[in-house]
2 protein chains.
Amino acid sequence: MKKTAGREPAVSKKISEKKEQIRLHLKQKGFKATRQRDIIAGEFLRSGEHVTAEDLYKNISRKHDDIGFTTVYRTLKLLSRSGLATERVFADQLTRYEPISSESHHDHLICLKCGAITEFENLKMERLQEKIADEFGFHIVTHKMEFYGYCRACR
Amino acid sequence: MKKTAGREPAVSKKISEKKEQIRLHLKQKGFKATRQRDIIAGEFLRSGEHVTAEDLYKNISRKHDDIGFTTVYRTLKLLSRSGLATERVFADQLTRYEPISSESHHDHLICLKCGAITEFENLKMERLQEKIADEFGFHIVTHKMEFYGYCRACR
DNA sequence: CATATTATTGAAATTGAATTTCATTTTCTT
DNA sequence: AAGAAAATGAAATTCAATTTCAATAATATG
């Protein structure tokens with residue numbers, strides 16, 4: 001699952017850039033820059049997407065046993081409230097977090113066997129959604145669309 | 001919100017029919033027919049859709065203070081497991097139940113202001129979903145689609 | 001640069017919905 | 001009507017999410 005431990009300049013650069021971005025964003029909003037938030041933000045960006053607070057806490061506490069669950073949890077909440085992360089809840093009822101990217105809203109394919117979460121976006125779908133909502137005089141603010149089933153590997 | 005208290009022969013008939021249907025279904029599956037299950041099933045069918053176990057319990061306990069929350073909860077679970085009801089979880093994280101109708105799967109429009117839940121189904125949407133899933137080699141078992149926003153009355 | 005102010009931290013406590021336990025009661029079978 | 005099996009309901013438990021609070025750390029200010 002994990003890549004080899006060699007250098008990954010492009011990826012690392014991206015992460016440190018994003019990390020800096022987060023730091024600035026938070027600063028700007030009047031929050032304090034702390035060692036913990038730095039580590040948590042970094043690890044969050046590095047982690048696969050769709051991590052739970054618990055997941056992230058476990059990852060982090062391996063290297064940093066002085067960072068508590070509460071702080072990880074609160075930092076994820078903080079990032080979410082600040083518009084830098086998104087909370088999502090799938091069928092297992094756990095709250096998962098995902099860094100906000102510049103990309104537009106996306107939806108999810110969730111494998112019932114291996115649990116893999118694949119993202120997709122589809123313009124036609126967006127248009128159709130708007131059209132349907134219009135028919136009901138409904139103004140969509142956000143939506144949730146998830147497909148549960150079996151991925152290519154598992155079916 | 002509530003209709004006048006007059007006779008509603010058509011609706012009542014439907015409910016007692018469905019109630020009988022449920023009773024038979026359960027019987028057939030080897031469950032026992034009890035006074036409580038009768039009352040709960042009847043009230044469940046009568047209740048607006050998308051009730052929580054708590055909602056239903058409150059309704060029922062007004063008239064039947066000997067029926068406990070646990071039994072309401074277990075009956076809803078039982079109906080769900082038996083394919084006579086569906087569980088759904090929306091953004092508020094509460095589990096809601098809905099009687100199964102013969103109609104096909106439907107999706108939901110949820111008003112962020114008044115909380116109204118409107119159902120819809122759309123064939124084009126279903127087809128598009130299949131098409132998208134196919135592109136990923138994904139086999140859809142079930143899906144979830146919810147629009148959050150403002151209904152005609154609230155916007 | 002010392003210190004006051006204010007936010008953050010982390011352990012532990014709390015919450016609240018969901019679920020389970022268990023002694024008692026009810027239903028169904030024979 | 002008696003026994004076996006299932007259902008009931010109050011209370012207990014679970015578990016993720018959230019809050020509390022005393023201690024600590026970061027920033028602002030003199």
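## A buried residue in chain B

Thr52(B) counts as buried because its relative accessibility is 7%, under the 20% limit that defines this class. The model in which Thr52(B) is found is a predicted one. Thr52(B) belongs to strand β1 of chain B, which covers residues 51-52. Leaving aside residues up to four places away in sequence, Thr52(B) is in contact with Leu94(B), Thr95(B) and Arg96(B).

## The three-stranded sheet of chain A

Chain A contains an open sheet of three strands, arranged in the order β1-β3-β2 with antiparallel pairing. Its edges are formed by β1 (51-52) and β2 of chain A, each of which pairs on one side only. Strand β1(A) is joined to β3(A) by two bridges, and these two strands run antiparallel. Within this pairing, Val51(A) has Tyr97(A) of β3(A) as its bridge partner.

On the other side of the pairing scheme, strand β2 (residues 85-89) of chain A and strand β3 (residues 95-99) of chain A are connected by five bridges and also run antiparallel. Val89(A) is matched with Thr95(A) in β3(A). The two strands β2(A) and β3(A) make a hairpin, with five residues between them. In the turn of this hairpin, Gln93(A) has a positive phi of about 75°. Helix α4(A) lies across β2 and β3 of chain A, and its direction is at about 110° to β2(A).

## A sheet shared by two chains

A further open sheet has six strands and is built from both chains, in the order β5(A)-β4(A)-β6(A)-β6(B)-β4(B)-β5(B) with mixed pairing. Its edge strands are β5 (117-120) of chain A and β5 (117-120) of chain B, each pairing on one side only. On average, neighbouring strands of this sheet are turned by 20° against each other, with direction ignored.

Where do the two chains meet within this order of strands? They meet at β6(A) and β6(B), which are neighbours in the sheet. Strand β6 of chain A and strand β6 of chain B, residues 139-150 in each case, run antiparallel and are joined by eleven bridges. One of the pairs across this junction is Phe147(A) with His143(B).

Each chain also places a helix on this sheet. Helix α5 (residues 123-135) of chain A lies across β4 (107-111) and β6 of chain A, together with β5 and β6 of chain B. This helix runs at about 125° to β6(A). Helix α5 (residues 123-135) of chain B packs on the sheet as well, touching β5 and β6 of chain A together with β4 (107-111) and β6 of chain B. The direction of α5(B) makes about 125° with that of β6(B).

## The surface near DNA strand C

DNA strand C is surrounded by 21 residues, of which the closest are Thr34(A), Asp66(A), Thr71(A), Arg74(A) and Tyr73(B). By class, this surface has six nonpolar, seven polar and eight charged residues. At least two residues each come from α2 (35-46) and α4 (69-81) of chain A and from α4 (69-81) of chain B. Helix α4(B) contributes the most, with five residues.

Which part of DNA strand C accounts for 67% of its atoms within 4 Å of the protein? These atoms belong to sugar or phosphate, and the rest belong to bases. A polar side-chain atom of Thr71(A) is 2.4 Å from a phosphate oxygen of strand C, and a backbone N or O atom of Gly68(A) is 3.3 Å from a phosphate oxygen. Arg74(B), in turn, has a polar side-chain atom 3.2 Å from a base oxygen of DNA strand C.

## The surface near DNA strand D

DNA strand D is likewise surrounded by 21 residues, and the closest are Tyr73(A), Thr34(B), Asp66(B), Thr71(B) and Arg74(B). Of the atoms of DNA strand D that come within 4 Å of the protein, 65% belong to sugar and phosphate. The surrounding surface has six nonpolar, seven polar and eight charged residues. Helix α4(A) supplies the largest share of this surface, five residues.

Several contacts involve phosphate oxygens of this strand. One phosphate oxygen of DNA strand D is 2.4 Å from an N or O atom in the side chain of Tyr73(A). A polar backbone atom of Asp66(B) is 2.3 Å from a phosphate oxygen of DNA strand D, and for a backbone N or O atom of Gly68(B) the distance to a phosphate oxygen is 3.3 Å.

Notes:
Residues are numbered from 1 along each chain as its sequence is written. Chains are lettered from A and ligands numbered from 1 in the order in which they are written. This is a predicted model: local features need pLDDT of at least 70, side-chain atom pairs count only at pLDDT 80 or more; totals for chains, interfaces and linings use all residues. Side-chain values use heavy atoms; hydrogens and water are left out. Two strands pair if DSSP finds at least two bridges between them. Helices (H or I, at least four residues) and strands (E, at least two) are DSSP runs, numbered from the N terminus. Axes are lines fitted to C-alpha atoms, for helices over the stretch in contact, and angles run from 0 to 180 degrees between N-to-C directions. Contact means heavy atoms within 4.5 Å. Buried means under 20% relative accessible area, exposed over 50%, partly exposed in between (1.4 Å probe, protein chains only). A residue is near a molecule or strand if one of its heavy atoms lies within 4 Å of it. A polar contact is a pair of N or O atoms within 3.5 Å; within protein, one must be able to donate a hydrogen and the other to accept it, and residues adjacent in sequence count only if both atoms are side-chain atoms. Ala, Val, Leu, Ile, Met, Phe, Trp, Tyr, Cys and Pro count as nonpolar, Asp, Glu, Lys and Arg as charged, and the others, Gly among them, as polar.
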